[in-house]
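Hi,

Here's the structure I promised to pass on. Have a look at it first, and then read my notes underneath.

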Amino acid sequence: MEKEVLEKYKRAEEISTKVIEFSKGLLKDGIKILEIAESVEKKIFELGAKPAFPLNIGINEVAAHFTPASDDTSILKVGDLVKIDIGVHVDGYICDRAFTICVGDEKHQLIEACEKTLKEALKLIKPGAKICEISEVVENSLAEFGFNPIRNLCGHGLERFVQHAAPSIPNAKNDIKDELKENQVIAMEVFGTNGSGWVKESYPALIYQFANDRLPRLLEARKILDMAKFKFEKLPFTKRWLKEFSPLKLDFALKELVNIDAIKAFPILKEQTDALVAQAEETVIL
Ligand code: MN
Ligand code: MN
C-alpha cells in the first residue's frame, strides 16, 4: 500500500479512536439519541475527517442501519443495549468501528461475548486466512457463551469511498474457501444475539446511498441526487442531513429516487424475534 494512502487510513483510525471516546461519554440515561448522533458527527468534522456514513445507533433488537431522524425524540434508558457504529473517512479512506454498551450497567454477557469473539477473530485476520475459518471461530466463540451469531450479517472489505466491498465474512459457519490477501482493508464485525440469529428488514428506511445516474422528474430529487453524488461522495447519507428540504418534499423526492433506482435505501435491520443484539467491530489493514 502506498505511504500516503496508509497515512490517511491511520489518520482515520486515530480520529475514530477520539470519536469513540467522545461518544462513550455521551451514553447516559436520559440523553436524546438525536443529540448523540448530531454531536458525534460534528466531532468527526471538528477533528478534520468526515462521516463515512450517518452514525448508526442500534438499540436492543435493532442490529444496524438505524440513525435518528431530525424529529426523533427518543432517549436512552437504563438497561438499553446500545450499539454505536462509527464510520470515519479521510479522503475516502474509511475506518469502520463499532461497540456496544448497556446503559447504567458496566457488564453485560452479550457484550462480553461479542468483544471476546471479535478478539479471537482478529487473531485470524491475516493474508492467507480462509473466510470459512474466520466465520467458524465467530460462531463457535459466541456459542461458548450460549449465544447465536446473526447469520445474515457479515464483516466486509473496505475500499476508497466504498463502505461495503468484497470479501464478505459471514458471522455463521460456511464453505467459503477464499483467502484474505495482503493490502486488503477488512472491517471485521461480530453480531451476537440471545434470539434466533437472523435480522429482518424494517421500514421506513432512514439511510440512503447514491446508486445510478438518472434524470428525476422532481426538482428536489435532482438536487438530492446531485448531493448524493458530490456532497456525500457516493457514501451513505440520511434524511437528517437534508435540512434544506421541507419534510413532505423530501419524502416525495426520496421516493422518486428510490423508484428510478437512482439511490438505494437501507432498511432498518432488526432481530427477527426482537431479541437483544450486541456488536463489536474493528478495521484492520492486512
Ligand atoms: Mn460499522
Ligand atoms: Mn462494517
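Below is what I found, going from the metal site to the cavity and then the domains.

Keep in mind that this is a predicted model.

**The two manganese ions**

Start with the manganese ion (ligand 1). Its protein donors are D85, which gives two OD contacts, D96 (OD) and E281 (OE), and they lie 2.0 to 2.4 Å from the metal. Along the sequence those donor residues follow the spacing D-x10-D-x184-E. D85 sits in strand β4 and E281 in strand β13 (residues 277-285), so this pair ties together parts of the chain that are 196 residues apart in sequence.

The manganese ion (ligand 2) is held by D96 (OD), H156 (NE2), E189 (OE) and E281 (OE), at 2.1 to 2.2 Å. Here the pattern along the chain reads D-x59-H-x32-E-x91-E. Distant parts of the chain are linked again: H156 belongs to strand β7 (residues 154-159) and E189 to strand β9 (residues 185-193), with their positions 33 residues apart in the numbering.

So what bridges the manganese ion (ligand 1) and the manganese ion (ligand 2)? D96 does, and the two ions lie 3.0 Å apart. E281 also turns up in both donor lists.

Are these side chains buried or exposed? The cut-off for buried is under 20% relative accessible area. E281 has 1% relative accessibility, so it counts as buried. H156 at 3% is buried too, as is E189 at 5%. D85 comes out at 10%, and therefore also counts as buried.

**The cavity**

There is one cavity of 30 Å³ or more, and the largest cavity holds about 30 Å³ of space. Its lining is made up of N56, G58, A63, A64, K83, D85 and Q279. Strands β2 (56-59), β3 (62-64) and β4 (81-90) each give two or more residues to that lining. By type, the lining residues split into two nonpolar, three polar and two charged. You'll recognise D85 in that list, as it is also a donor to the manganese ion (ligand 1).

**The domains**

The protein divides into domain 1 (3-200 + 274-285) and domain 2 (202-269). Their centres, taken over C-alpha atoms, are 24 Å apart. Where the two meet, 28 residues of domain 1 are in contact with 16 residues of domain 2.

That's the lot from me. Happy to chat once you've had a look.

Cheers

Key. Residues numbered from 1 in each chain as written. Chains lettered and ligands numbered in written order. Predicted model: local features only at pLDDT ≥ 70, side-chain atom pairs only at ≥ 80, totals over all residues. Heavy atoms only, no water. Donors = N, O, S within 2.8 Å, 3.2 Å for Na, K, Ca; no water. Helix = DSSP H or I, 4+ residues; strand = E, 2+ residues; numbered from the N terminus. Buried < 20%, exposed > 50% of the residue type's maximum accessible area, 1.4 Å probe, protein only. 1 Å grid on protein atoms, 1.4 Å probe; cavity = no way out; pocket = protein on both sides within 12 Å on 5 of 7 lines; lining within 4 Å. Points joined across faces, edges and corners; volume = space filled by probe spheres on them. Nonpolar A, V, L, I, M, F, W, Y, C, P; charged D, E, K, R; others polar. Domains from an automatic or database assignment. Contact = heavy atoms within 4.5 Å.
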